[in-house]
Each structure stands twice: as structure tokens, then as C-alpha cells.
Amino acid sequence: MTVDSKPHGYYEELLKTAPEQRVSKKNIVHEVDQSDGEDSSTPPLHICHMTALWRYSTTALNPYTGVLEPKNLGPGFYGDSIALLLAVHHFNNGIGSVVKEVEGINERCNVRLSVDLNDSMSSLSHSVKTVANAINSNTPGKTPCAVLGSFRSAVSQAVAVLTEAYGLPQISPISSSPELDNQLRYPLFSRIVPSDYGTSQVLLNFLQENAEVTHLGVIYVNDAYGKAYQDAIQRSGRLIGVKVESFPFDFHVTDDAQQIREAVGHLAKTKFKYFVGVIFGPEHYDIMMEEAYDKGIAGPGYFWMFGGGVQRYLQNVKYPKGSKLDMASRGIGMIQADGGMEGMPSYDAFLSELRNLKMEDIEYFNSKQPQGIDDYYFQGDAAYFKTFEPERETAFAYDSAMAFGLAA
């Protein structure tokens, strides 16, 4: 934090008390001089409040009640939210340690940002309701001028229909479905991550050039992300003469995981040796790969490649040596778009900022997290950040807020 920078939450407090006008979906207020209570002689500030949809949890089917219930996804998405809040602070105070172009922007631009974090629960209906409630909020300063998120492409698509209807720009850090390239359908949607269509081309070229693959099996989650990704793989395969056979399963896994088991069974019948999984996390991966091992299509002699939806889980999990999942997971590959890597100057600066947060920063960032019961939502401390390891989308989260600030 620079010597003359405003403290965390300064502009949020200003929104609560200052007169509000509405111009181009922005909250416009006069900044109040803190020393004497008089209105500042500087031009009015355009304070843009953003509603963020963050994937803190997902919904899992309770096998006893048949009801979808929330399931926390752990600290990874918390770290992404910290990157977002850090970007807001850097933009508001003209701190260019990560993005040089932002240095001193607070002295030449009268736009400021504020943001509320909301759990999307990976749910289309819950996310649409969250944004609708924000749009119709009667709380001073809480009506959004933009929406950040979501992570899951299906959620971003559902919300994009609503944001377009109200004229609100929407920026997603990580929704990668090629369907979101449709600017006629989603004219106010943008994203930081590249489309999966480009990723699928790299994937097919890699397999053909390095393994001379001519046949490829795909198992995919039957939502906007999975369907569009497998369609992109099909198109890329046709371009280079690779035969692709694809089999879907539902996003919400039942207790017996019957759809996943059936899809794996279809893959086994192809007699292929190369496979791609377009899936999410342990709720999909563990059941699928155990079944694949049992069906004789995972382990030695077979190769599996996965997209970014499962990366967060696989980079942290350790299976018992010799177990089915240990054997099935040996030699698998992952292909994904990352927000940066160590050795890149701007990325190293980004990591340094996160790993050297002060307690006042951490306490404020924690106060912005969704409030649950029984410590449902993770909150980090100084020790957590000292050894902080970003996820692939952490830098994208920072960039999403920064991109909106620069474009506002």
C-alpha cells in the first residue's frame, strides 16, 4: 500500500453516505474531504460497483434425500478472490507493481471500483437470482455497473442473458466454452481466458505429432463447457483426420454414478488407447478413472489427457501407492491455459504482492468473503499467504477486475 493510498473499503464507505447519481450505469459521487467535511473541489468520482460470482462451492446430489446440496470446494477459489480484491485496490490507488499502465491512474482518471463477492454454487438458477437481486437492490451503492464471473461456462451463459437485458458488461476470468464466442447472443460478455476451441487444436496437434494418434475417445460433462469443448475437439479432429468418438454424462453425479460408468463402458468398446476427459474435480475424476481401470482402458498402455476443469484437484491429490486410482493416473496429461508462470516479470511481481500481504490487507480481504456458518468459507492468515501457490486462473481473476477498470 502506498503512503498516500486510500485504505481498503474507503470507496465502499463513500458510496454509503455520499449523494448518488446514475450515469451510464455508474454511481457518481463527490469525494468528501476527510479533514473538514467539505466537498472536494476535484471532479466527481465515478464509482463503479461490481457484483462478482465466484465458484466457492458446487452442488452435489444427496443420495439419501435426492436434493442438491452445497459442497465447499476448499481454499483454491478463496485465493482467486484475493487476487480480484488486490486488483481493485491497485486500480483505485494507482499502484502499478503488477500492471505498469496502472501506475498513477488515480491521478488522471476519476473512475474507482468496489466489489461484492458472492458464491455462485456452480448453479445456474442460484447465480441468476444473485445477480437479479443485486440489480434490484435498494441498498445505497450496491446496484452493479458490471458483473465479474462466473467460472463455470454454463453459469456465465445463463447470467449473460440477464446482464445483456440490463445493459451490464460481464467479464469472466475462466469460462472457456466456445459458445461464449457468439457476440450476437452474448454481446456484453467478455473473458480473460482463451476459448477451448484453440485449446482443442493444440491438443489434437500434440497427440498426432507426438503419438501419431488416429482415433480418440472423449468423455465429457454434459453442460455448456463440456459440450462445446467436445464439439471443438470433433471439429479439430476432422481437420487433421483424427476420428473422435464422444460420450456424455450429467454434471450432477448420482450415488451410483451410473451415467459415468455407462460412458466409460462405451469408451471401452471403442478399443481406443487415447482418451480425453472434459470433467470437473474429484466428483467426476475418481469414479471415472476407477471405472476406466476396471474396464482395462487406464494404466500402462493407455493415455488420458484432461482439460483445466480437473487441474486444481489433480495437482494436490495423492493416491495410495498401488491403488486403482494411483495406477490409472500414472502418465496422464493436462492441457490448459494458465495466467502466467514464474520467471515472467509481471507474474513474479503478482506473486510477490500476494505473498507479502500485510495483516490489515488480509483482514479486510477476509471480511469481504461470503459469510457462512461453521467456518464453511475458508479464510487465510499470514502463514497461508507466505507460501501461497496460485491456481491456473488466479492471475486471470486479477486481470478481470483490472480489465474492467481500464475499460470503464
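Trainee: In which strand does S114 lie, and is S114 buried or exposed?

Mentor: In this predicted model, S114 belongs to strand 6, which spans residues 111–119. S114 counts as buried because its relative accessibility is 1%, under the 20% cut-off.

Trainee: What does the side chain of S114 make a polar contact with?

Mentor: The partner is the side chain of H49, at 2.6 Å. Apart from neighbours within four places in sequence, S114 is in contact with E12, L15, I47, C48, H49 and M50.

Trainee: C48 appears in that list. How many disulfides does the model contain?

Mentor: A disulfide is a covalent bond between the sulfur atoms of two cysteines. Here the count is zero. The closest cysteine sulfur to that of C48 belongs to C145 and lies 3.7 Å away, which is too far for a bond because the cut-off is 2.5 Å. C48 itself is buried, with 0% relative accessibility. C109 is likewise in no disulfide; its nearest cysteine sulfur is that of C48, 8.8 Å away. At a relative accessible area of 22%, C109 is partly exposed.

Trainee: Turning to the sheet, what is the order of its five strands, and how do they pair?

Mentor: Strands of a sheet pair through backbone hydrogen bonds, either parallel or antiparallel. In this case the sheet is open, its order is 11-10-12-13-14, and the pairing is parallel. Strand 11 (243–249) and strand 14 (333–334) form the edges, each pairing on one side only.

Trainee: How many bridges join strand 10 to strand 11, and how many pair strand 10 with strand 12?

Mentor: Strand 10 and strand 11 run parallel and are joined by seven bridges; V221 stands opposite F249 in strand 11. Strand 10 (residues 215–221) pairs with strand 12 (residues 274–278) over four bridges, also in the parallel sense. In that pairing, I219 stands opposite G277 of strand 12.

Trainee: Which helices pack on this sheet?

Mentor: Helix 6 (residues 196–211) touches strand 10, strand 12 and strand 13 (303–306), and its direction makes about 155 degrees with that of strand 13. Helix 7 (residues 224–240) also packs on the sheet, touching strand 10, strand 11 and strand 12; its direction and that of strand 10 make about 165 degrees. Strand 10 is mostly covered, with six of its seven residues buried.

Trainee: How should a pair of packed helices be read, taking helix 4 and helix 5: at what angle do they pack?

Mentor: One general point helps in reading the contact list. An α-helix has 3.6 residues a turn, so residues three or four places apart point the same way. Helix 4 (residues 124–135) and helix 5 (residues 153–165) pack at about 35 degrees, and their axes are 9 Å apart. Their crossing is right-handed. From helix 4, L124, S127, V128, V131, A132 and I135 meet A154, V155, A158, V159 and L162 of helix 5.

Trainee: Which residues of helix 13 are buried, and what covers them?

Mentor: In helix 13 (residues 359–367), the buried residues include D361, I362, Y364, F365 and N366. Their cover includes helix 1 (10–17), helix 2 (76–93) and helix 14 (382–386).

Trainee: What should be noted about the backbone of M121, E212 and S150?

Mentor: Most residues other than glycine have a negative phi, and most peptide bonds are trans. M121, in the loop between strand 6 and helix 4, has a positive phi near 55 degrees. E212, in the loop between helix 6 and strand 10, has a positive phi near 50 degrees. E212 is exposed, with a relative accessible area of 67%. G149 and S150 are joined by a cis peptide bond, with omega about 5 degrees; S150 lies in the loop between strand 7 (146–148) and helix 5.

Trainee: Where does L73 lie, and what is L73 in contact with?

Mentor: L73 is in the loop between strand 5 (68–72) and helix 2, and is partly exposed at a relative accessible area of 23%. Beyond neighbours within four places in sequence, L73 is in contact with R55, Y56, S57 and T58. The C-alpha atoms of L73 and F378 are separated by 9.5 Å, although these residues are 305 residues apart along the chain.

Trainee: How many helices and strands does the protein chain have?

Mentor: The protein chain has 15 helices and 14 strands, and 53% of its 408 residues count as buried.

Note on methods
Residues numbered from 1 in each chain as written. Predicted model: local features only at pLDDT ≥ 70, side-chain atom pairs only at ≥ 80, totals over all residues. Heavy atoms only, no water. Pairing = 2+ DSSP bridges. Helix = DSSP H or I, 4+ residues; strand = E, 2+ residues; numbered from the N terminus. Contact = heavy atoms within 4.5 Å. Axes fitted to C-alpha atoms, helices over the stretch in contact; angles between N-to-C directions. Buried < 20%, exposed > 50% of the residue type's maximum accessible area, 1.4 Å probe, protein only. Polar contact = N/O pair within 3.5 Å; in protein donor to acceptor, adjacent residues only side chain to side chain. Left-handed = near helix turned anticlockwise from the far one by under 90°.
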